[in-house]
Amino acid sequence: MKNRHSEHTLHIVIAAMFAAMVAVMTAFVQIKTPTGGYVHLGDSMIYLTASFLPLPYAVAASAIGGGIADLLVYPETIIYTIIIKAVNALFFSSKGDKLLTKRNALMTIPSGLVTVVGYSISKFIRMLLAGDSMQSAIANALWKMPENAIQAVASALIFLLIAAAFDKADIKKRMLNR
């Protein structure tokens, strides 16, 4: 039987691994979309992280991984990303031995909405701070929504595929020594 310290250490190590995966999959694994934006695999890693680890570890890994990615490729949104990615993780549950539960599958919807709305608000605020008019800021924030929605849907689908494959291989059980 594991003691509390070794379980805590294991969770920290796995959280660090997931934070690195979120950062790399966000910053460097990108697929261009017809809207001029891109889809990255980072959000699907956040969903996986939050289905794998207890909440405090999942929130930290998600915020840190997203923050590192923005630091590397899009530093002007780092504060917004840290908040949005932490909130993304809040919807999922790591209870049980499976990653892909009905609950976690359904939680991709509100988490995706947080991404869509959060980054639209981010765009709005950044434009106002840059001196753009209120009308221009609103128009640009709304213009970003379809692009962010494509990201959210792609992340959900990728999460569902990866979580199903990991469950089939009992990855969660093996890594957590259950």
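Does D170 count as buried, exposed or partly exposed, and at what relative accessibility? In this predicted model, D170 sits at 31% relative accessibility and so counts as partly exposed, since that label covers the range between under 20% for buried and over 50% for exposed. The residue is found in the loop that joins helix 6 to helix 7 (171-175). Its backbone is worth a look too: phi at D170 is positive, about 55 degrees, even though the residue is not a glycine. As a rule, most residues other than glycine have a negative phi.

Moving on to helix packing, helix 3 (residues 55-73) and helix 4 pack with their axes 8 Å apart, at an angle of about 150 degrees. Angles over 145 degrees count as roughly antiparallel, and helix 3 and helix 4 are therefore roughly antiparallel to each other. Their crossing is right-handed. On the helix 3 side the contact involves L55, A58, V59, S62, A63, G66, G67, D70 and L71, and these meet I78, T81, I82, K85, A86, A89 and L90 of helix 4. Sorted by class, that contact has 10 nonpolar, four polar and two charged residues.

Helix 4 (residues 78-90) also packs against helix 5 (residues 102-129): the two axes come within 10 Å and cross at roughly 165 degrees. That angle makes helix 4 roughly antiparallel to helix 5. Here, too, the crossing is right-handed. Helix 4 contributes Y80, T81, I84, K85, V87 and N88, while helix 5 brings in S111, V114, T115, G118, Y119, S122, I125, R126 and L129. The class tally for helix 4 with helix 5 is seven nonpolar, six polar and two charged residues.

Then there are the rings. The count comes to four aromatic pairs. One of them joins Y47 and F159 edge-to-face, at 5.9 Å centre to centre and with 85 degrees between the planes. Y47 belongs to helix 2 (residues 42-52) and F159 to helix 6 (residues 134-168), so this pair ties together parts that are 112 residues apart in sequence. Both Y47 and F159 are buried. Ring pairs also bring in F92, linking Y47, F92 and F159 into a cluster.

The burial of Y47 fits the picture for its helix: 11 of the 11 residues of helix 2 are buried, so the helix is largely enclosed by the rest of the structure. Among the buried residues of helix 2 are G42, D43 and S44 as well as M45, I46, L48 and F52.

Methods:
Residues numbered from 1 in each chain as written. Predicted model: local features only at pLDDT ≥ 70, side-chain atom pairs only at ≥ 80, totals over all residues. Heavy atoms only, no water. Axes fitted to C-alpha atoms, helices over the stretch in contact; angles between N-to-C directions. Helix = DSSP H or I, 4+ residues; strand = E, 2+ residues; numbered from the N terminus. Parallel < 35°, antiparallel > 145°, perpendicular 65-115°, else oblique. Left-handed = near helix turned anticlockwise from the far one by under 90°. Contact = heavy atoms within 4.5 Å. Nonpolar A, V, L, I, M, F, W, Y, C, P; charged D, E, K, R; others polar. Phe/Tyr/Trp six-rings, centres within 6.5 Å; stacked < 30°, edge-to-face > 60°. Buried < 20%, exposed > 50% of the residue type's maximum accessible area, 1.4 Å probe, protein only.
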